[in-house]
Amino acid sequence: MAGSIGIKLMFSAIAVLWRNYHGEMGIFTSKSGRPLQPGAVNNALYNMVDAFNKKEKERASKEHRKPEFLPTVSAHTLRHTGCTRIAERGMDVKVLQYIMGHANIAVTMEVYNPITEHERIEKEIIKMEDLMAM
């Protein structure tokens with residue numbers, strides 16, 4: 001399908017999707033059950049955020065406070081956020097590359113490796129200090 005992005009899923013996620021969607025392709029579907037195009041998903045996300053922000057503006061005005069607006073969200077933002085959280089949990093970068101569908105590991109390394117780099121360095125320093133204390 002033109003404009004679709006394949007995302008590799010873990011077996012547990014596939015099982016949940018299968019139970020909930022009975023094997024139909026697409027998580028985001030129209031009322032008729034057909035998969036939505038990426039632009040339609042983004043429009044739905046933009047509309048949800050816009051509706052929330054309008055209500056928040058009204059609430060804040062009534063409560064005499066500054067409104068706390070949600071930022072613009074897209075399907076790509078959700079994908080990147082999910083991958084970032086996985087990287088923060090320490091998933092192997094090669095596995096992350098596979099899940100994200102990056103043809104070249106350099107893309108995965110450039111985007112997601114810096115997220116965990118500082119934490120990894122700290123852990124390695126602690127290991128070295130433990131060795132030195134022996």
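Which residues make up the largest nonpolar core? In this predicted model, that core consists of five residues in all, namely C83, A87, L96, M100 and Y112. Two helices, α3 (75–88) and α4 (93–100), each supply at least two residues of the core. In soluble globular proteins, nonpolar side chains tend to be buried together. Within the core, M100 is in contact with C83 and Y112, and also with R79, when its neighbours within four places in sequence are left aside.

The protein chain as a whole contains five helices and zero strands, which follow one another along the sequence in the pattern α-α-α-α-α. Of its 134 residues, 16% count as buried. The chain exposes about 10,700 Å², of which carbon and sulfur atoms supply 62%. Among contacts with a separation of 6 or more, 39% are accounted for by residues 24 or more positions apart.

Confidence varies along the chain. The mean pLDDT is 78, and 78% of the residues reach 70 or more. Over residues 1–5 the pLDDT is below 50, and this stretch has five contacts in the model beyond near neighbours in sequence. Among the helices, α1 (residues 11–21) has the lowest confidence in the chain, at a mean of 56, whereas α2 has the highest, at 92.

Helix α2 spans residues 38–62, a total of 25 residues. The distance from its first C-alpha to its last is 37 Å, close to the 36 Å expected at 1.5 Å a residue. Buried positions in α2 are V41, N42, L45, V49, N53, E56 and A60. The cover over these buried residues includes α3. Helix α2 is followed by H64, which is placed in the loop between α2 and α3. The phi of H64 is near 55 degrees, a positive value in a residue other than glycine. Most residues other than glycine have a negative phi, and most peptide bonds are trans. H64 counts as exposed because its relative accessibility, 75%, is over the 50% cut-off.

Five salt bridges are counted in the model. Side chains of opposite charge can pair when their charged atoms come close. A network of salt bridges links E56, R59, E63 and R65. Within this network, E56 forms a salt bridge with R65, the closest N and O atoms being 2.6 Å apart. The side chains of E56 and R59 also meet in a salt bridge, at 3.5 Å from N to O. Both of these residues lie in helix α2, three residues apart, or about one turn of the helix. The relative accessible area of E56 is 5%, so this residue is buried under the 20% cut-off. Its two partners are partly exposed: R59 has a relative accessibility of 34%, and R65 has one of 31%.

A further salt bridge joins the side chains of E88 and R85, with an N to O distance of 3.1 Å. These two residues are three residues apart in helix α3, so they are separated by about one helical turn. Both ends of this pair are partly exposed, E88 with a relative accessible area of 38% and R85 with one of 45%.

Two further positions involve helix α5 (105–133) or the loop before it. H102 is located in the loop between α4 and α5. With a relative accessible area of 18%, H102 is buried because this value falls under the 20% cut-off. Not counting residues up to four places away in sequence, H102 touches R79, Q97, V107, T108 and Y112. Of these, Y112 belongs to the nonpolar core, and R79 and Y112 are also in contact with M100. E119 lies in helix α5 and is partly exposed, with a relative accessible area of 40%. The C-alpha atoms of E119 and G90 are separated by 9.5 Å, although the two residues are 29 residues apart along the chain.

Methods: Residues numbered from 1 in each chain as written. Predicted model: local features only at pLDDT ≥ 70, side-chain atom pairs only at ≥ 80, totals over all residues. Heavy atoms only, no water. Core = buried A, V, L, I, M, F, W, Y, C linked by side-chain atoms within 4.5 Å. Buried < 20%, exposed > 50% of the residue type's maximum accessible area, 1.4 Å probe, protein only. Helix = DSSP H or I, 4+ residues; strand = E, 2+ residues; numbered from the N terminus. Contact = heavy atoms within 4.5 Å. Expected span 1.5 Å × (residues − 1). pLDDT = per-residue confidence, 0-100. Areas by Shrake-Rupley, 256 points an atom, 1.4 Å probe, with all protein chains shown as cover. Salt bridge = Lys/Arg side-chain N within 4 Å of Asp/Glu carboxyl O.
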